[in-house]
Amino acid sequence: MKELKNDTLLRALLRRRVDYTPVWIMRQAGRYLPEYRATRARAGSFLALCRNPELACEVTLQPLERFPLDAAILFSDILTIPDAMGLGLYFSEGEGPGFERPVRDAAEVQRLAVPDMEDALGYVMDAVGMIRRELDGRVPLIGFSGSPWTLAVYMVEGGGTKGFARSKAMLFDRPELMHVLLTKLSEAVTTYLNAQVARGAQALMIFDTWGGVLTPRAYREFSLAYMTRIIAGLTREAEGRRVPIILFTKGGGHWLDRMAESGCDALGVDWTLDLADARQLVGERVALQGNLDPSILYASPGRIREEVGRVLASYGQGLGHVFNLGHGIHPDVDPDQVAIMVDAVHTLSPRFHGAAIRDLRTNPGKSPS
């Protein structure tokens, strides 16, 4: 594998010195890009696109051709693991994902087996390897998975949900069964992420989309405990480099202090908590990623730049900030707005890093803010 030409993201995730704040975007390869929509049309469906390594590679690289982003993230879906476990994943237009065979009783849970990553999920691994080759060292590649709790919600509910009736009923009425399911999913996620590293992923992210719907006690027992177990089992060095782990719980801002004890290197933060407050909660233990409200990208260019500046200033001077949205980009955002945001991060952020400090030494009267 070629040496990285831009390792700013990896350095920031490990709280090492950088000259500017790196930026990437959750769901950066997606429906807001016309070229993505064209490739998906060629594939025939979202699932067909995910299962085609060449096309998955193509859409992963598309945003990097438009914007000077500091990372690529594997194009895939968090539900590939349940699908490989035999649940029959499908997508309905306008309704999102569903499973033909949801998991709701002890017999169904017991039948689940950890899939062979090079067999049932070989298309994901082939995509990872292909993306790394095509990136040619331009920027690092982020691999990812859903958290065990998030995957369990989809598997028990049979698809998306607003009320979490079945998954929370199992959690409260049959906690021992939920723990069996989460244990199997933890093993699968650990194996899946390590397989991605073996094929070339240089950083990993665990998306805990539904952790924020739990009570604090339930979050610690049914979500955070299993993510901590996964992190302990992950490959932490490859190709002579540390492999940073990012943990993101949507709606979990007030638990950041507990999350920082999980063994991860960085925590994603949604837009409901100021980064200054998040930084106070975690201290110097981990880096922070985020946290621009995705809806800012509907605003005027001036307001986008202003809000980017506010996020940067909220984190402030020092190590350990990766700029991102507080959640995935909305599908109807104008790509030109994204270009404004990325440019603003690269233009405004050096004053918060070593470049500003060096400049102040030669220009003492210049303010870093």
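Rings of Phe, Tyr and Trp (its six-membered ring) are taken as a pair if their centres lie within 6.5 Å, and a pair counts as stacked with planes under 30 degrees apart, as edge-to-face over 60 and as tilted for the rest. By this rule the structure has eight aromatic pairs.

The model is predicted, so local features need pLDDT of at least 70 and side-chain atom pairs count only at pLDDT 80 or more, while totals for chains, interfaces and linings use all residues. Residues are numbered from 1 along each chain as its sequence is written, and side-chain values use heavy atoms, with hydrogens and water left out.

**Aromatic pairs**

Select Y154 and W210, a tilted aromatic pair with 6.4 Å centre to centre and 50° between the planes. Y154 lies in helix α8 (residues 148-157) and W210 in the loop between β5 (203-208) and α11 (216-232), so the pair ties together parts that are 56 residues apart in sequence; helices (H or I, at least four residues) and strands (E, at least two) are DSSP runs, numbered from the N terminus. Both Y154 and W210 are buried, where buried means under 20% relative accessible area, exposed over 50% and partly exposed in between, with a 1.4 Å probe and protein chains only.

Go next to F207 and F248, an edge-to-face pair at 6.5 Å centre to centre and 85° between the planes. Because F207 belongs to strand β5 and F248 to strand β8 (residues 245-249), this pair ties together parts 41 residues apart in sequence. F207 is buried at a relative accessible area of 14%, and F248 is likewise buried, at 2%.

Then select Y36, F46, F75 and F91 together, which form one aromatic cluster. For a ring with a charge, show R279 and Y315: R279 lies over the face of Y315, at 4.1 Å from the ring centre, the rule being that NZ of Lys or CZ of Arg is within 6 Å of the ring centre and within 35 degrees of the ring normal.

**Pockets and the cavity**

On a 1 Å grid over the protein atoms alone, a pocket is an open set of points with protein on both sides within 12 Å along at least five of seven lines, a cavity is a set where a 1.4 Å probe fits but cannot get out, and lining residues have an atom within 4 Å of a point. Grid points are joined across faces, edges and corners, and a volume is the space filled by probe spheres set on the points.

The largest pocket has a volume of about 1400 Å³. Of its 38 lining residues, those closest to the centre are R27, R31, F46, D77 and F91, which makes them a useful selection to begin with. The elements that give two or more residues to this lining are α2 (34-43), α3 (46-50), β2 (89-92) and β3 (96-99), and β2 gives the most, with three residues.

R27 lies in the loop between α1 and α2 and is exposed, with a relative accessible area of 53%. Check its backbone too, since phi of R27 is near 65°, a positive value in a residue other than glycine.

Move on to the second largest pocket, with a volume of about 180 Å³. Its lining includes W271, D274, N291, E307 and R310, and helix α14 (residues 301-315) gives the most to this lining, with four residues. At N291, in the loop between β10 (287-289) and α14, look at the preceding bond: the peptide bond from G290 to N291 is cis, with omega near -5°.

The largest cavity holds about 40 Å³ of space and is lined by K2, L4, R132, L135, D136, G137, V139 and Q202.

**Further stops**

Select R15, found in the loop between α1 (8-13) and α2 and buried, with a relative accessible area of 16%. The C-alpha atoms of R15 and G320 are separated by 4.2 Å, although these residues are 305 apart along the chain.

E239, in the loop between β6 (237-238) and β7 (241-242), has phi near 55°, a positive value in a residue other than glycine, and is partly exposed at 49% relative accessible area.

Which cysteine holds the sulfur closest to that of C50? The closest cysteine sulfur is in C57, but at 14 Å it is too far for a bond, given that a disulfide is a pair of cysteine sulfur atoms within 2.5 Å. A search of the whole structure finds zero disulfides. C50 is buried at 4% relative accessibility, and C264 is buried at 6%.
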